[in-house]
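Student: I'm new to this one, so could we go through it by asking how each label is earned? Please show it to me before we start.

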Amino acid sequence: MAHDHHHHHGHGHGYAHGHDHGPVDTGDWRYLVGLTLNLGFVMAEFGAGIISGSTALMADAGHNLSDVLGLALAGGAAWLARRAASGPRTYGYRKGTVLAALGNAILLLVACAWIGWEAVERLINPQPVASGWIIAVAGIGFVINLATALLFLKDQHKDLNVRGAYLHMMADAAVSLGVVAAGVLILFTGVALIDPIISLVIVVVILWSTWGLLKDSLNLALDAAPAGIQVEAVRRALLDLPGVTAVHDLHVWGLSTTDAALTAHLVRSDDAPGDLLTRAQRLARQMGIGHTTFQIEDAAQADCPDC
């Protein structure tokens, strides 16, 4: 549902506030399924590494443990986002989805550093690799990681938090596939250096895909406008509204990975339409901004009188 408040004061100012309330389909069950699958696989892979004496499998199990942590972050944030605002948290806990996306990006960078370090060490000191075990276990890991990633495919362009989980799982599916390929090549060639070389290639791919997630989540954490919302385009659109002569003190930021907010001062002309506030709110919603607060002025006021 949505509601608007209008307040008119003697000095010619008007204020309007509007936002939409409603449960966001965060798909909490997807995180639970992903956590269960990946936690079970981590324990199985680590056990297989001990039995086979394969440090590669044990290292990959440690890397896959970051999946569990990443999914726990994303799922926990999705759950928090559904909690109602209360007390001093007037926006609720929706910002937790931004922090989770940022945490996921950092986890991916840490995982890349770990894989890269292991790969360089193996380039310097090649070790015999149990290729049969690697192919079998990594193959299972690829199926599990890909299946988990597909759970988040549909909404990964709508929610940065979901995108973080999706990218994390797709990156790990790529890692598992690379490990399978390395195992097959080693099986037929006997060249152990193939394993660290493929690992370094995968690291580059992961870093490339993580950069956008890191940049977008860091911007939202710093209250920048969400990706896809151009502040100047919003300003021009508001200026084009009938009866608006100036727009100032305009702010657009992300309340969460899916919700955007806006505040602005609109200076109106003498012949401004009576439904100016409604038009401004409708325009903001059309531009992907659901939570708006407008101050209507007959003459431009100082953005910060006490500054």
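Tutor: Start with one contact: the side chain of Glu297 makes a polar contact with the side chain of His265, at 2.8 Å. Keep in mind that this is a predicted model, where local features need pLDDT of at least 70, side-chain atom pairs count only at pLDDT 80 or more, and totals for chains, interfaces and linings use all residues. Residues are numbered from 1 along each chain as its sequence is written, and side-chain values use heavy atoms, with hydrogens and water left out.

Student: What makes the pairing of Glu297 and His265 a polar contact?

Tutor: The term asks for a pair of N or O atoms within 3.5 Å; within protein, one must be able to donate a hydrogen and the other to accept it, and residues adjacent in sequence count only if both atoms are side-chain atoms. The distance here is 2.8 Å, so the pair falls within 3.5 Å. Glu297 also makes a side-chain polar contact with the side chain of His248, at 2.9 Å.

Student: Where does Glu297 sit, and what is its nearest side chain of opposite charge?

Tutor: Glu297 is in strand E5, residues 291-297. Strands (E, at least two residues) and helices (H or I, at least four) are DSSP runs, numbered from the N terminus. Glu297 is buried yet has no salt bridge, and the nearest side chain of opposite charge is Arg268, 9.6 Å away.

Student: Why does 9.6 Å not give Glu297 a salt bridge?

Tutor: A salt bridge needs a side-chain nitrogen of Lys or Arg within 4 Å of a carboxyl oxygen of Asp or Glu, and 9.6 Å is not within 4 Å. The histidines don't change that, because His is not counted as charged here: Lys and Arg count as positive, Asp and Glu as negative, and the chain ends are not counted either.

Student: Which salt bridge does Arg268 make?

Tutor: Arg268 meets Asp298 in a salt bridge, 2.7 Å from N to O. That pair links distant parts of the chain, with Asp298 in the segment after E5 and Arg268 in strand E4 (residues 260-268), 30 residues apart.

Student: Why is Asp298 called partly exposed?

Tutor: Buried means under 20% relative accessible area, exposed means over 50%, and partly exposed is in between (1.4 Å probe, protein chains only). Asp298 is at 45%, so it counts as partly exposed. Arg268, at 29%, is partly exposed too.

Student: How many salt bridges does a search of the whole structure find?

Tutor: Five. One of them joins Arg163 and Asp216, 3.0 Å from N to O. Arg163 lies in helix H5 (residues 160-189) and Asp216 in helix H6, so the pair ties together parts that are 53 residues apart in sequence.

Student: What makes Asp216 buried while Arg163 is partly exposed?

Tutor: Asp216 has 17% relative accessibility, so it counts as buried. Arg163 has 21%, so it is partly exposed.

Student: How do you know that Glu232 and Arg235 form a salt bridge?

Tutor: Their side chains meet at 3.4 Å, N to O, so the pair passes the distance test. Both lie in helix H7, three residues apart, about one turn of the helix.

Student: What is notable about phi of Asp223?

Tutor: Phi of Asp223 is near 60°, a positive value in a residue other than glycine. Asp223 lies in the loop between H6 and helix H7 (231-239). Phi of Asp249 is near 50°, also positive in a residue other than glycine, and Asp249 is in strand E3 (residues 244-254).
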